[in-house]
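User: I'm new to this one and would like a walk through the fold. Could you take me through it piece by piece?

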Amino acid sequence: MAPDDEFLRQFNEHFKKAPDEIPPEEVEARRNREINEKEVKVLGVYEHPRGGAFVLLRDGRGRTMPIWIGQPEAVSISMALEGGPAPRPMTHDLIRLLLERLGATVEHILVDDLYNNTYYAKIALHQNGKALDVDCRPSDAIAVALRLKAPIYVADAVLEEAQVEWSDE
């Protein structure tokens, strides 16, 4: 066995968590939630005065929810909102091209959970008569959805927990 192979075996053994090693409260906190999703619109990408960017979502009832995102995702979402082409394809443009060439469609994206101050999302794909949900960061899901004009949904419980007061003034 090559030294690299032995290193990888030990690395995988060290970081592999069996399901029975995950604390039950973590497993329970992320399952059996009623989704009851609400469609949201992206209001924009904003810079916080003390640093960091966030994307702002709003549902039909006026509930507004920020999701903190990284700078590259902020640029990507902003570009998708503005509709301007990038001089070279960005990662989310590449994802759009790959999905199109593979004959897959994005049915919608869903921000389905907020756990330990971290949002979770899924991209709902459809290809060759098969449905597939792909876990991803909400910022990536939003950037892809905007490029493909797919609906964006948020679980009602997440909206309730994360909503903030926001004035368009």
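**Helices and sheet**

Analyst: Let me begin with one helix and the strands beside it, keeping in mind that this is a predicted model. Helix 3, residues 71-82, lies across strand 1 (37-47), strand 2 and strand 3, and it runs at about 110 degrees to strand 1.

User: And what order do the strands of the sheet come in?

Analyst: Seven strands form an open sheet in the order 3-2-1-7-4-5-6, and the pairing within this sheet is mixed. Strand 3 (64-69) and strand 6 (130-136) stand at the edges, and each has a single partner strand, so one side of each is left without a neighbour in the sheet. On average, and ignoring direction, neighbouring strands of this sheet are turned by 35 degrees against each other.

User: In what sense do strand 2 and strand 3 pair?

Analyst: Strand 2, which covers residues 53-59, pairs with strand 3 in the antiparallel sense over six bridges, and Arg58 stands opposite Thr64 in strand 3. The two strands form a hairpin with four residues between them, and in the turn Gly62 has a positive phi of about 85 degrees.

User: How many residues of strand 3 are buried?

Analyst: Five of the six residues of strand 3 are buried, so this strand is largely enclosed by the rest of the structure.

User: Switching to helices, at what angle do helix 4 and helix 5 pack?

Analyst: Helix 4 (residues 91-101) and helix 5 (residues 138-148) pack at an angle of about 60 degrees, and their axes are 9 Å apart. The two helices are therefore oblique to each other, and helix 4 passes helix 5 in a right-handed crossing.

User: Which residues make that contact?

Analyst: From helix 4 the contact is made by His92, Asp93, Ile95, Arg96, Leu99 and Glu100, while helix 5 contributes Asp140, Ala143, Val144, Arg147 and Leu148. Sorted by character, the residues of this contact of helix 4 with helix 5 divide into five nonpolar, one polar and five charged.

User: Is helix 5 largely enclosed or left open?

Analyst: Ten of the eleven residues of helix 5 are buried, so helix 5 is largely enclosed by the rest of the structure. Among the buried residues of helix 5 are Pro138, Ser139, Ile142 and Leu146, and the charged Asp140 and Arg147 are included as well.

User: What about just after helix 5?

Analyst: Just after helix 5 comes Lys149, which takes a positive phi of about 55 degrees.

Key:
Residues numbered from 1 in each chain as written. Predicted model: local features only at pLDDT ≥ 70, side-chain atom pairs only at ≥ 80, totals over all residues. Heavy atoms only, no water. Pairing = 2+ DSSP bridges. Axes fitted to C-alpha atoms, helices over the stretch in contact; angles between N-to-C directions. Contact = heavy atoms within 4.5 Å. Parallel < 35°, antiparallel > 145°, perpendicular 65-115°, else oblique. Left-handed = near helix turned anticlockwise from the far one by under 90°. Buried < 20%, exposed > 50% of the residue type's maximum accessible area, 1.4 Å probe, protein only.
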